[in-house]
Amino acid sequence: MIMEATIVSYCKIKNNTVWVNGEKINIDNNSVDFSAFLVNLYRQMNLNYPKFFKMDNLCKLGILAAEMVIQNNSKSENFEKDKVAIFLANNSSSIETDRNHIKTIVNKNDYFPSPAVFVYTLPNIIIGEIAIKHKFTGENAFFVSETFDANFMHTYASIALQSRHTTDAVCGWINVDGNEYEAFMYYIEKKNLNKAGNGLNTHHTAEMIYKLYN
Amino acid sequence: MSNLIETLKAQIIEQLNLAELKPEDIDPNAPLFGDGLGLDSIDALELIVLLEKHHGIKIQDPKDAKAIFASLQSMADYIIANKK
Amino acid sequence: MITYLGANNIISPLGFTTAQNLEALARGEVAVKKQQFHFSESIFCCSKIEDSTLNSYFSAISNITTYTNLEKMCILSIQDVVQQSGIDLKNKENLLIISTTKGNIDVLEGVYKNMDSNRAYLPVFAKTVGNYFGCAITPLVVSNACISGLLAIIAGKRLIENGNYKNIIVCGADIVSEFTLSGFKSFNALSDEPSKPFDKNRTGINLGEAASGILLSSDEISSIKISAGNSANDANHISGPSRNGDGLFNAVTKTLEDSKTETVDFISAHGTATEFNDEMESVAFSRAKLDHLPLNSLKGYYGHTLGAAGVLESVIAINSLASNTLIKSMGFELQGTSHELNVIKKTEQKTINSCLKTASGFGGCNAAAIFEKV
């Protein structure tokens, strides 16, 4: 049996619109600001995960996108969660929360830095949040680049998937800067392509990642 | 006192982003951590900021925090005892 | 394929070359000291490079007003590695990887008068540094909290062995800023005294600033290689280390499996000197049956240099191997973890062939790598 790296699901969230495996999802009320949109989407997904409200918008967006790719795929039921890697990238790191932390220290008469804000001033916290929610304890890496580099992400994930320590990977691009935001996430599994099953099943190649992203 | 309890409920919900919780859901005598509201270590640090920001009280020794934040009632007691 | 570790540099208050830093460590000098900043009445114990020192070094190679402090530190560090090795970053076979947590965060704070605010974006910062060297390939940025530096070295090894690049310079760097000082203070994580990793009376972190660079190559440029490296997540809490050390244990176990090394001779640990981190490391090393190995943390000398730490500490570890020196873990006196560790109390000469380097950070991330003599 030949095991091949296969993209089993993907998700895009942009301009208050959500696509899962290429299909547009109906959102109850999407003519709202970004923060409200995230809460609406959370409620529509019935996640029942109160920690969601403690997160910054980057992590909220990441948790929702990850949920979409994990819920909507045809991957095998039996997998080891310590072999699921998470590799993400963006342009703006945690700049939105960085600005919020600076607001708490800029005025010496109102100087109250908040630990709950500061902890989100690292982009890889989003990897931590996804790892915690899904108990994924495999490889991690967060990269920062000007735009989404599908070639690089494909290379890095492929190297990891060649190792026996990694069977699955959640990868993507997740950026928040002011009111501008974008999430693109996909789930890769080493599987036998002939046993395709339902849903998306496509080879993990850089060209395919670009195609799904655009 | 009951006013202070109500104020604290609102401040905790706001500061700790407990969006799904209503003030009446919080029992003043129930533990804030562990089985109670399920708060964590970041929330504990955030409560220290809350006391300073909204009540002007600085906890000098962080080790005291555990007893002070045992419940809403103990927080209120501490605020009254330490008000300037 | 083998990835060799070659030319390296450290820019810190203890010196602007690796040799200067090693000499300072041998003399028992520490970079952390109590200092006052304009933005706070509090005294912070941290390790900060004097602006005047940085500018006097930098003015020898370029204009000091064109670059931020972090960019100057990175350029000086990479320049030293380039000069020692003759590696040309204009060549497409060579890549620059930069590891940082906060980049030019002082630009966002408004510290500089005439600096374009887009320099606060990590890709712009990296490109600015890369352009100085005429990099053919846009520098890769790793920003993964306190494991950034070690993860960047592991990523470099993977890209070389996958055939993507022939030579990779990894540069880790972060500055001490009001941003990070105020944040860690709100976490009650800062010590007012020089930090004491793994000690019973440890009282928390000192922040530090540094840049450190190292060359990775598929050519046999040295007698030390990186034989394995992996990361793992605790999936437990975004800021609190796992009580049972799961993530670090997994990263270490995977790395030992991959390396095929017979024995590890010492551990260059993370050791931030917070109560929970150091305890977590003792649990993980004990579970991996490595708690008997000589171990040090360099945070007692440099403080926690965040995105630089993994590179800086790897550079020191590699030089320890090359000179057969076990370096004293500064600040340690009394056992202070639930599992006793063999913390190095006195610098000594000993034949050592391999080193386990570890790092752990916010977001539940952990990394481990093995460096060994070829």
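Chain C is divided into domain 1 (3–217) and domain 2 (224–373), with bounds that come from an automatic or database domain assignment. This is a predicted model, in which local features need pLDDT of at least 70, side-chain atom pairs count only at pLDDT 80 or more, and totals for chains, interfaces and linings use all residues. Residues are numbered from 1 along each chain as its sequence is written.

The C-alpha centres of the two domains of chain C lie 20 Å apart. The table sets out the interface between these domains and the one between chains C and B. Contact means heavy atoms within 4.5 Å. Buried area is the accessible area (1.4 Å probe) that two parts lose on being put together, summed over both.

| Interface | Residues in contact | Buried area |
|---|---|---|
| Domain 1 of chain C and domain 2 of chain C | 61 residues and 62 residues | about 4700 Å² |
| Chain C and chain B | 6 residues and 6 residues | about 450 Å² |

Between the domains of chain C, carbon and sulfur atoms give 70% of the buried area. The rule finds 2 salt bridges across this domain interface, a salt bridge being a side-chain nitrogen of Lys or Arg within 4 Å of a carboxyl oxygen of Asp or Glu. Lys196(C) and Glu333(C) meet through their side chains in a salt bridge (2.7 Å, N to O). Several elements each supply at least two residues of the side of domain 1 of chain C that touches domain 2 of chain C, among them strand S1 (3–11) and helix H6 (148–161). H6(C) gives the most to that side, with 9 residues.

Between chain C and chain B, carbon and sulfur atoms give 64% of the buried area. Phe187(C), Asn188(C) and His237(C) supply 71% of the area that chain C buries against chain B, more than any other three residues. The count of salt bridges between chain C and chain B is 0.

Definitions and conventions: Chains are lettered from A and ligands numbered from 1 in the order in which they are written. Side-chain values use heavy atoms; hydrogens and water are left out. Helices (H or I, at least four residues) and strands (E, at least two) are DSSP runs, numbered from the N terminus.
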